[in-house]
Amino acid sequence: MATIRDVAKLADVSVSTVSLALSNPARVSQKTLEKIRQAIAAVGFVADPLAQSLARGRSRMIGFVVGNVGNPFFGDIRRELENYALDHEHFVVVTDSSGKTDRERAMVEHLIGLKTAGLALSPSGHDQDYLDFIASLNVPIVCFDQKVAGIERDFVGSDNYLAGAMLTEHLLQLGHRRIAFITGPSHMHTATERYRGFADTMANAGVEVNPNFVVDGQFTRTAGYEAAMRLLIQPERPTAILGANNTVALSALQAMQELGFRCPEDISLAMIDNVQWSSVITPRITMVVQDTLALGGIIARRLMHRITNPQGTVEPPQDFVLTPKFVPGNSCRRI
């Protein structure tokens with residue numbers, strides 16, 4: 001197996017120059033860098049990333065820590081982050097915490113142990129122990145999607161209050177008053193803000209929210225389906241259902257179809273967040289979507305800035321909150 005000494009000998013440079021070219025090519029002249037690259041190709045040398053990370057004090061690895069990698073929302077953000085990272089000679093490692101704080105913590109600790117350069121983190125915790133843990137991490141972190149009070153890190157997300165308010169106002173304009181809301185976990189920023197947007201908009205319109213029409217879907221398929229079933233079997237059913245995310249909304253559509261309800265003729269449906277192939281779902285669901293490409297781009301640029309810029313480690317954290325977009329479909333009817 002070829003070694004760094006073989007490369008140095010063939011390129012007629014010192015071992016330290018080869019090491020510098022591998023770790024910080026910007027500090028090596030283009031002529032010398034080209035000689036080293038040709039020597040690497042000729043001898044078949046493959047750098048040891050672990051050794052490099054030990055020498056630099058960090059690797060070129062970025063941790064992407066989320067609660068559900070199967071959610072298309074996270075997939076779009078991950079792709080944008082990965083493309084930007086690769087352009088800057090870093091790569092992304094994806095981990096799934098399933099929304100469990102202890103699992104997330106174990107994954108983060110493992111990534112830190114591997115000298116990870118930085119973390120893109122969708123936080124799952126919220127108590128003081130969790131806040132202390134995040135504060136103790138001596139690594140650049142950009143949090144996204146879930147805003148947690150007390151975490152002093154850059155945050156990137158969407159205006160979730162506005163998302164809930166926009167869809168509620170749309171349903172009210174169509175004449176709906178019996179509007180149900182399938183919520184997410186009460187400790188999650190996205191869930192509470194979307195519900196707050198719904199509740200405030202109903203109150204501003206002088207419409208009382210029926211407590212029987214507010215059910216917990218946990219942002220999951222199973223809980224969303226069960227929540228929708230509870231709504232649909234009530235003697236006085238809602239005329240419209242608003243799903244706090246794409247998963248619970250599609251579960252509600254499934255429940256409607258299984259019970260023989262037509263959408264939107266019998267019950268209207270709206271949701272927050274897009275899904276893959278949404279244009280071929282019948283009916284095409286009215287929704288508010290987040291600009292995942294823009295979110296992913298901001299996360300990537302902020303994290304790389306924190307990683308590569310000496311001033312990035314001392315700059316105060318910033319919040320970047322984007323406006324979601326209303327996308328009309330044909331799943332909501334006027335009554």
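Me: Two strands pair if DSSP finds at least two bridges between them; with that in mind, what makes strand 9 and strand 10 a pair in this predicted model?

Reply: Strand 9 (residues 268-272) and strand 10 (residues 286-289) are joined by three bridges, and because the requirement is at least two, they count as paired. The two strands run parallel, and one of the residue matches between them sets Ile-272 against its bridge partner Val-288 in strand 10.

Me: How do you know that strand 1 and strand 2 pair, and in which sense?

Reply: Strand 1 (residues 61-66) shares six bridges with strand 2, in the parallel sense, and since at least two are required, the pairing holds. Within this pair, Gly-63 stands opposite Val-93 of strand 2.

Me: Why are strand 2 and strand 11 called edge strands?

Reply: In the open sheet of six strands ordered 2-1-3-4-5-11, whose pairing is parallel, strand 2 (91-96) and strand 11 (319-322) each pair on one side only. Neighbouring strands of this sheet are turned by 15 degrees against each other on average, direction ignored.

Me: What is the strand order of the sheet with mixed pairing, and which strands are its edges?

Reply: The order in this open sheet of six strands is 7-6-8-9-10-12, and its edges are strand 7 (214-216) and strand 12 (325-327), each of which pairs on one side only.

Me: Which strands does helix 5 lie across, and at what angle does it run to strand 1?

Reply: Helix 5 (residues 72-87) lies across strand 1, strand 2, strand 3 (118-121) and strand 4 (141-144), and its angle to strand 1 is about 170 degrees; as angles between N-to-C directions run from 0 to 180 degrees, the helix and strand 1 therefore point in nearly opposite directions. For the sheet with mixed pairing, helix 11 (residues 246-259) lies across strand 6, strand 8 and strand 9, at about 160 degrees to strand 9.

Me: How do you know that Glu-104 has no salt bridge?

Reply: The nearest side chain of opposite charge, Arg-105, is 8.8 Å away, and because a salt bridge requires a side-chain nitrogen of Lys or Arg within 4 Å of a carboxyl oxygen, none can be assigned to Glu-104. Glu-104, which lies in helix 6 (residues 101-113), is nevertheless buried.

Me: What makes the approach of Glu-104 and Tyr-130 a polar contact?

Reply: Their side chains are joined at 2.3 Å, and since the limit for a pair of N or O atoms is 3.5 Å, the distance satisfies it. Beyond its neighbours within four places in sequence, Glu-104 is also in contact with residues including Val-65, Ser-97 and Leu-121.

How values were computed: Residues are numbered from 1 along each chain as its sequence is written. This is a predicted model: local features need pLDDT of at least 70, side-chain atom pairs count only at pLDDT 80 or more; totals for chains, interfaces and linings use all residues. Side-chain values use heavy atoms; hydrogens and water are left out. Helices (H or I, at least four residues) and strands (E, at least two) are DSSP runs, numbered from the N terminus. Contact means heavy atoms within 4.5 Å. Buried means under 20% relative accessible area, exposed over 50%, partly exposed in between (1.4 Å probe, protein chains only). Lys and Arg count as positive and Asp and Glu as negative; His and the chain ends are not counted. A polar contact is a pair of N or O atoms within 3.5 Å; within protein, one must be able to donate a hydrogen and the other to accept it, and residues adjacent in sequence count only if both atoms are side-chain atoms.
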